[in-house]
Amino acid sequence: MLFDSHAHLDDEKFDIDRETVIEALKGEGLSYVVNIGADMESSRKCVELAKKYDFIYAAVGVHPHEAAQMTDADLAELEELSKHEKVVAIGEIGLDYHYDDTDEEAQKLWFKKQLALAQKLNLPFIVHDRDAHADTLEIIKEVGYFNGVMHCFSGSAQMAADVVKMGMYVSLAGTVTFKNAPKAQAVASSVPLDKLLIETDCPYLTPEPFRGKRNNPSNVKCTAMKISELRGISYEELAKITLENAKKFYNI
Ligand code: NI
C-alpha cells in the first residue's frame with residue numbers, strides 16, 4: 001500500500017512504454033499516484049491520464065522554468081482544467097534560482113498568481129523550491145495560504161520544522177536514499193510523521209539501488225524503506241502513515 005505523491009508519467013521518457021509501466025504498478029503495491037503538471041501541455045496530459053486510470057490523480061500548474069512564458073489565458077485554462085473531479089491540486093509551482101539566466105521577477109509573479117488560484121479554488125498546492133528557500137517562504141507567507149507541500153524538500157531540518165509550523169507538508173524523494181545525503185536524512189529523521197509525504201518525481205531522482213536507471217512510481221518503496229530505517233519504525237507502518245497523509249492532503 002503505497003502512495004507516490006509526485007510523479008511525471010506524462011514525461012516523454014515514458015512515451016515508449018507508458019501503459020506497460022502504469023499497468024504494472026498495482027501489482028507492485030501502488031494504491032495511488034498523483035501525476036504533476038509542469039507546463040500547460042503536461043497539465044492537459046495529466047488530466048487525460050487521470051481520466052484513463054482510476055488510481056491516478058492529477059495536479060495542474062506551471063513550473064518556475066516555464067513561468068516567463070505564462071499568460072493570464074493559461075491561468076484561466078488551469079482553472080478550467082481544475083474543475084475535473086480528479087484534479088486534486090495546483091502544481092508544481094514555485095521558484096528555481098539554480099540557473100543564472102532565470103527571470104526571477106517572472107517566477108515570483110506567476111508563483112503568486114498560481115498560489116492565489118489554489119487559494120481561490122480551495123485546492124492544495126505543490127511547491128518546487130530550488131536554491132530559493134527564503135523567497136519561497138516569503139511569498140507563501142505574503143499570500144497567506146498554507147495548504148501546501150514542499151516537494152523534493154532540499155532544505156535543512158530547521159527549515160522543515162519552520163515549514164511544518166506554517167501548517168505545510170514536507171515531501172521526500174529518492175535523494176534520501178543516496179549515500180551522501182546527510183541533510184535529507186536529518187529531515188527524514190526529524191520531521192513530524194503526520195506532515196511527511198513520499199514521492200518519486202519520476203522519471204528523475206531514481207533512488208538507490210536503482211540509481212542511473214529511469215525512475216518510476218514503484219520505486220517509492222525504496223524511499224519508504226530508507227525513511228522507516230532512519231525512524232526506527234516498520235516499513236509497513238511508514239507506508240501506511242504516508243499513504244494516509246497523502247490521501248488527507250489531496251482530499252482523496
Ligand atoms: Ni516534479
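**Warm-up.** Where is D201 found?

*Solution.* Look in the loop between β8 and α8: that's where D201 sits. Helices here are DSSP runs of H or I with at least four residues, strands are runs of E with at least two, and both are numbered from the N terminus. Before going on, note that this is a predicted model, where local features need pLDDT of at least 70, side-chain atom pairs count only at pLDDT 80 or more, and totals for chains, interfaces and linings use all residues. Residues are numbered from 1 along each chain as its sequence is written, and side-chain values use heavy atoms, with hydrogens and water left out.

**Exercise 1.** Work out what holds the nickel ion and which label its arrangement gets.

*Solution.*
- Step 1: list the donors. They are H6 (NE2), H8 (NE2), E92 (OE) and D201 (OD), at 2.1 to 2.3 Å from the nickel ion. A donor is an N, O or S atom within 2.8 Å of the metal (3.2 Å for Na, K and Ca); water is not among the atoms, so sites may look incomplete.
- Step 2: find them along the chain. The spacing reads H-x1-H-x83-E-x108-D.
- Step 3: check the angles. The 4 donor atoms subtend 87 to 174° around the nickel ion, so the arrangement is irregular. Here are the cut-offs: four donors are tetrahedral if all angles lie between 85 and 135 degrees; four are square planar and six octahedral if opposite donors are over 155 degrees apart and all others between 65 and 115; anything else is irregular.

**Exercise 2.** Are the donors H6 and D201 buried or exposed?

*Solution.*
- Step 1: get the cut-offs. Buried means under 20% relative accessible area, exposed over 50%, and partly exposed in between (1.4 Å probe, protein chains only).
- Step 2: take H6, in strand β1 (residues 2-7). Its relative accessible area is 1%, so H6 is buried. H8 is buried too.
- Step 3: take D201. With 10% relative accessibility, D201 counts as buried.
- Step 4: look around H6. Leaving out residues up to four places away in sequence, H6 touches V34, I36, E92, I126, H151, E199, T200, D201 and C202. Contact means heavy atoms within 4.5 Å.

**Exercise 3.** Hunt for unusual backbone spots, starting at the donors E92 and D201.

*Solution.*
- Step 1: go to E92, in strand β4. The peptide bond from G91 to E92 is cis, with omega near 5°.
- Step 2: go back to D201. Although D201 is not a glycine, its phi is positive, about 55°.
- Step 3: move on to P203, in the loop between β8 (196-198) and α8 (220-231). The bond from C202 to P203 is another cis peptide bond, with omega near 10°.
- Step 4: finish at N251, in the segment after α9 (235-250). N251 isn't a glycine either, yet its phi is positive at about 60°. Its relative accessible area is 71%, so N251 is exposed.

**Exercise 4.** Describe how helices α2 and α3 pack.

*Solution.*
- Step 1: know what to report. Two packed helices are described by the angle between their axes and the distance between the axes.
- Step 2: read both off. The axes of α2 (residues 40-52) and α3 (residues 72-81) come within 11 Å and cross at roughly 10°. Axes are lines fitted to C-alpha atoms, for helices over the stretch in contact, and angles run from 0 to 180 degrees between N-to-C directions.
- Step 3: name the arrangement. The two helices, α2 and α3, are therefore roughly parallel. That label covers angles under 35 degrees; over 145 is roughly antiparallel, 65 to 115 roughly perpendicular, and the rest oblique.
- Step 4: list who meets whom. From α2 you have M40, S43, R44 and V47, and from α3 you have D74, E77, L78 and L81. They divide into 4 nonpolar, 1 polar and 3 charged. Ala, Val, Leu, Ile, Met, Phe, Trp, Tyr, Cys and Pro count as nonpolar, Asp, Glu, Lys and Arg as charged, and the others, Gly among them, as polar.
- Step 5: zoom in on L78. At a relative accessible area of 0%, L78 is buried. Beyond four places in sequence, its contacts include M40, S43, Q114 and L117.
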